[in-house]
Amino acid sequence: MPHVQIQNVSKTFGLKVNGQVLTARALDGVSFDVEQGEIVALAGPSGCGKTTALRIIMGLESASSGAVMVGDRAIAGCGHDRGMVFQHAELLPWKSVLENVKFGLAMKGVPKSELDGMAARYVELVGLSDAKDRRPHQLSGGMKQRVGIARALAIDPEVLLMDEPFGALDSQTRETLQMELLAIHERTRKTIIFVTHDLDEAVLLADRVVVLNAGRVQEIIPIDLGRPRRDIRAVQTNPEFMRKRTMIWEALHVAAPAEDRLSIRRSA
Amino acid sequence: MTMTTHAGVATPAAAKPAWRMPSWAITTVSLIVVIGVWQACGPWINPLFASYPSEILRAAWKMTASGQLPTAFLSSMQPFLAGYALAALLGVPAGLLLGRFRVLDAAFGIYIIAGYSTPLIALVPLLMIWFGLGFVVKTVIIFLLTFFPVCINTWIGVKAVPKTLLEVGTAFCAPQSAVMRQIVLPAVLPYIMAGLRLGIGKAVIAMVIAEFLTAISGLGGVIIGAANSFKTAEMFVPIIIIMVLAVLLTALVGFIERRVAPWHSELTGHDGV
């Protein structure tokens, strides 16, 4: 049985434009499965609904219709079976690196006596032991996102949800973190759902890429690059990499641009 | 396998910047210049219409020696501290509740805005009928004028808590109490402190008004008494004391803010007052 099942999920919301209420459809009957230990990338242009889909899986938003199953349970709101890494890390500015990681653990109900030790292990995992007492404003963008990853991993979720976590980083830092994420995945075999608009990133990380366009699943493209993928240069020069990147690009460009297809209709 | 980080060490400032005069020194020089110019104008000042520093200092010494000033100061401070403390203790929680719960916001928000924008001094005659002329009515006046800015600032602060930080709470299934203590309260602290700072100014005004309009007493009473007998230098003494008091208390709140919310000044990059 698939680990995560997104079953016919739709999301509509009201938009008030010039006094008229419009109904915008962010997701329209989206379905896909994610297998245990798999990395699935949700890719597509901005406005295609990929972040909305991830937020629904996390329980930050509710679907207008459809269901999300994790294991054999339909999700209803938040849960410690899922861990979220936010686009801009979203660390609590008044807490140190260690305290930020402890926050998630404490909310999960880990006993106070074990908090420090457990949090320190995950801070070490992301290579920030030397900076564990710093506050977020004393960290670089890459370091902040490492803390975000540590905070999500620390609660040992079944599924790791990542919302364009490397989108705001410079390309060098992004590559480093991509490789480290692959290394963490290799070791922990976590199921990961990863949102990105970067096609290279999608192909590099994912076992399958779900191409979203205008709130619909355009295509689901398997990436046969094998694992482990330790050498980024070797992966990127692999003919399969270029082939799949082109396939995704074509899938996105066969369809009309997202803006034109975003089904906005006037409601009475 | 652990991640490695190459940005592990804070880089020291590369070049030493040119020497800059510390802020406190600039403030001190400014004070000396202003007081000096005022003093220098002394010979041309008609003692009926105004006064100058050395004359005011002489009056202050005389009034302190006679016991008039210490008595007035203590009598002013009692309702001031009581009213201000009450406003802080009730205003902050009220603002937090209003900001956090939509129903309370809709039910009571309108009164807070009304209370803030109404000239509450207009109520003084009524308050005197209810609470008499002494300590209680003065405390109530100070409380009323201070409560609303403190409450409104806290309220605005809760509204300004970034939605994304609240979502961190949601994503990690934080219970309401943890969201309040670990996310909302720290995020609102700078707003609370700003409200408390504004509150000091309001409380000082309220104190003097109360002493003018109810039983004439305290520092406000000294001002009225001196003005009525055209002792202008004596009139300036309590005014300057109140001024200095307000500046010191404001600085104290700023100091406390930097202790309880150090990330804020670090984040914004300036110390504030």
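Just after helix 2 of chain A in this predicted model, G109(A) takes a positive phi of about 95°. Helix 2 itself spans residues 97–108. Nine of its twelve residues are buried, so helix 2 of chain A is largely enclosed by the rest of the structure. The buried set consists of V97(A), L98(A), N100(A), V101(A), K102(A), F103(A), G104(A), L105(A) and M107(A). The cover over these residues comes from both chains: it includes helix 3 and helix 4 of chain A, together with helix 8 (176–213) of chain B.

Helix 2 also belongs to the interface between the chains. In that interface, 29 residues of chain A are in contact with 23 residues of chain B. On the chain A side, the elements that give two or more residues are helix 2 (97–108), helix 3 (112–125), helix 4 (141–154) and helix 5 (171–188). The side of chain A that touches chain B is made up, by class, of 16 nonpolar, six polar and seven charged residues. The model as a whole scores ipTM 0.86 and pTM 0.79.

Chain A contains nine helices and eleven strands. Its radius of gyration is 19 Å, close to the 18 Å given by the globule rule for 268 residues, so chain A is as compact as a globular protein of that length. Taken along the principal axes, the C-alpha atoms of chain A fill a box of roughly 55 × 45 × 40 Å. Buried residues account for 43% of the 268 residues in chain A. When contacts in chain A between residues at least 6 apart in sequence are considered, 71% join residues at least 24 apart.

Chain A divides into two domains, with domain 1 covering 4–81 + 157–266 and domain 2 covering 91–156. The C-alpha centres of domain 1 and domain 2 of chain A lie 25 Å apart. Nine residues from domain 1 of chain A and nine residues from domain 2 of chain A take part in the contact. On the domain 1 side of this contact there are seven nonpolar, two polar and no charged residues.

P157(A) lies in the loop between helix 4 and strand 7 (159–163) of chain A. There are 20 other C-beta atoms within 10 Å of P157(A), so this residue is buried. Leaving aside neighbours within four places in sequence, P157(A) is in contact with H80(A), D81(A), R82(A), G83(A) and A152(A). For one of these partners, G83(A), the separation along the chain is 74 residues, while the C-alpha atoms of P157(A) and G83(A) are separated by 5.4 Å.

The N-terminal part of chain A includes a hairpin formed by strand 1 and strand 2, with two residues between them. Strand 1 (residues 4–17) and strand 2 (residues 20–34) of chain A pair in the antiparallel sense over eleven bridges. Within this pairing, K11(A) of chain A stands opposite L27(A) in strand 2. In the turn of the hairpin, N18(A) has a positive phi of about 50°.

Chain B has eleven helices and zero strands, and read along the sequence it follows the pattern α-α-α-α-α-α-α-α-α-α-α. The radius of gyration of chain B is 24 Å, whereas a compact globule of 273 residues would have one near 19 Å. Along its principal axes, the C-alpha trace of chain B spans about 80 × 60 × 25 Å. Of the 273 residues of chain B, 33% count as buried. Among contacts in chain B between residues at least 6 apart in sequence, 73% join residues at least 24 apart.

The pLDDT of chain B averages 88, and 90% of the residues score at least 70. Over residues 4–11 of chain B, pLDDT stays under 50, and the model has eight contacts beyond four places in sequence for this stretch. Where pLDDT is low, the predicted coordinates should not be read in detail.

Definitions and conventions:
Residues are numbered from 1 along each chain as its sequence is written. Chains are lettered from A and ligands numbered from 1 in the order in which they are written. This is a predicted model: local features need pLDDT of at least 70, side-chain atom pairs count only at pLDDT 80 or more; totals for chains, interfaces and linings use all residues. Two residues are in contact if their C-beta atoms, placed from the backbone, lie within 7 Å. Helices (H or I, at least four residues) and strands (E, at least two) are DSSP runs, numbered from the N terminus. Ala, Val, Leu, Ile, Met, Phe, Trp, Tyr, Cys and Pro count as nonpolar, Asp, Glu, Lys and Arg as charged, and the others, Gly among them, as polar. The radius of gyration is taken over C-alpha atoms; the globule rule is 2.2 Å times the number of residues to the power 0.38. pLDDT is the predictor's confidence in each residue, from 0 to 100. Two strands pair if DSSP finds at least two bridges between them. Domain bounds come from an automatic or database domain assignment.
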